[in-house]
Amino acid sequence: MTALATAAEMGQLITIVVMSIALGMDAFSLGIGIGLRGVRLLDIAKISLIIGLFHVVMPLAGMFMGHYLGSLLGDVATMTGGGLLVLLGGHMIFSSLRGQEVKPIDHRTLWGLTFFAFSVSIDSMSVGVSLGMFSTDLAFTVLMFGLFGGVMSVFGLLLGRRAGHWVGEYGEALGGVILLAFGIRFLI
């Protein structure tokens with residue numbers, strides 16, 4: 001029984017880490033776009049800190065909504081959560097393939113920084129709703145989301161300072177594929 005519980009905990013850990021990476025891909029890919037326009041190291045630190053905080057707060061709000069919905073829906077919660085992940089992943093893939101031009105955000109203003117952090121963290125709230133319907137370690141999950149959101153934004157901003165546009169196009173699509181796969185896993 002102990003080995004089975006340990007295997008289940010390890011599976012949950014891997015799932016949360018992979019989901020954290022998938023959610024951080026938006027911050028990574030949009031960070032590249034901002035980095036391409038030029039960004040100072042101090043701005044990179046501020047942007048990444050705010051994105052990390054939003055990647056904690058947004059899924060927390062979503063998880064609380066998910067716990068409430070889970071208590072109302074019972075067994076339907078798993079199917080609903082899986083469906084939300086499938087829709088979110090599909091939307092991320094569609095958006096990245098559509099090649100919609102992102103309007104520049106002035107990351108040096110409080111409004112621009114807040115808007116940027118909110119825009120790359122909104123999918124974390126949706127995933128939080130899905131995870132809130134399942135039993136999960138709340139503190140660990142949101143800390144991982146925040147850590148990976150912040151760290152991946154640092155990598156994206158730094159890479160954007162040095163690299164071309166090609167990585168940014170594929171980052172959101174990869175994140176969408178991962179969320180889509182987890183959604184299908186919950187549905188099966």
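1. Across the protein the mean pLDDT is 75, and 72% of the residues reach 70 or more; the model is a predicted one, and the points below should be taken with that in mind. Confidence is lowest in helix 6, where the mean is 67, and highest in helix 5, where it is 87. Where pLDDT is low, the predicted coordinates should not be read in detail.

2. On the overall fold, the protein has 6 helices and 0 strands, and from the N terminus on its elements follow the order α-α-α-α-α-α. Of contacts between residues at least 6 apart in sequence, 94% join residues that are at least 24 apart. Of the 188 residues, 44% count as buried, while the accessible surface comes to about 9900 Å², with 73% of that area belonging to carbon and sulfur atoms.

3. The largest nonpolar core holds 11 residues in all, namely A27, I34, V39, I44, I47, I51, L113, F116, A117, V120 and L157. Two or more residues of this core are given by each of helix 1 (2–36), helix 2 and helix 4 (110–132), and the largest share, 4 residues, comes from helix 4. A second core, separate from this one, has 10 residues, among them M19, M92, L131 and F182. As general background, nonpolar side chains in soluble globular proteins tend to be buried together.

4. Which residues take part in the salt bridges, and how are they linked? The structure holds 2 salt bridges. In one, R40 pairs with D43, the closest N and O atoms being 3.4 Å apart; in the other, D43 pairs with K46, with the closest N and O atoms 3.7 Å apart. Through shared partners, these salt bridges join R40, D43 and K46 into one network. Side chains of opposite charge can pair when their charged atoms come close.

5. The setting of that network deserves a separate remark. D43 and K46 both lie in helix 2 (residues 41–73), where they are 3 residues apart, about one turn of the helix. D43 is buried because its relative accessible area is 1%, under the 20% cut-off. R40, by contrast, is partly exposed at a relative accessible area of 48%, and K46 also counts as partly exposed, with a relative accessibility of 37%.

6. F148 offers a local view of packing between parts of the chain that are separated in sequence. F148 lies in helix 5 (residues 138–162), the helix in which confidence is highest. The C-alpha atoms of F148 and S20 are separated by 5.8 Å, although these residues are 128 apart along the chain. When neighbours within four places in sequence are left aside, F148 is in contact with V17, S20, I21 and G24.

7. A nonpolar patch on the surface is formed by M79, I184, L187 and I188, which together have about 410 Å² of accessible area. Is I188, one of these residues, buried or exposed? I188 counts as exposed because its relative accessibility is 82%, over the 50% cut-off. In the chain, I188 lies in the segment after helix 6 (166–187), and I would read this patch alongside the confidence values, since helix 6 has the lowest mean, 67.

How values were computed. Residues numbered from 1 in each chain as written. Predicted model: local features only at pLDDT ≥ 70, side-chain atom pairs only at ≥ 80, totals over all residues. Heavy atoms only, no water. Patch = residues over 30% accessible without salt bridge, like charges linked within 9 Å, V, L, I, M, F, W, Y side chains within 5 Å. Areas by Shrake-Rupley, 256 points an atom, 1.4 Å probe, with all protein chains shown as cover. Salt bridge = Lys/Arg side-chain N within 4 Å of Asp/Glu carboxyl O. Buried < 20%, exposed > 50% of the residue type's maximum accessible area, 1.4 Å probe, protein only. Core = buried A, V, L, I, M, F, W, Y, C linked by side-chain atoms within 4.5 Å. Contact = heavy atoms within 4.5 Å. pLDDT = per-residue confidence, 0-100.
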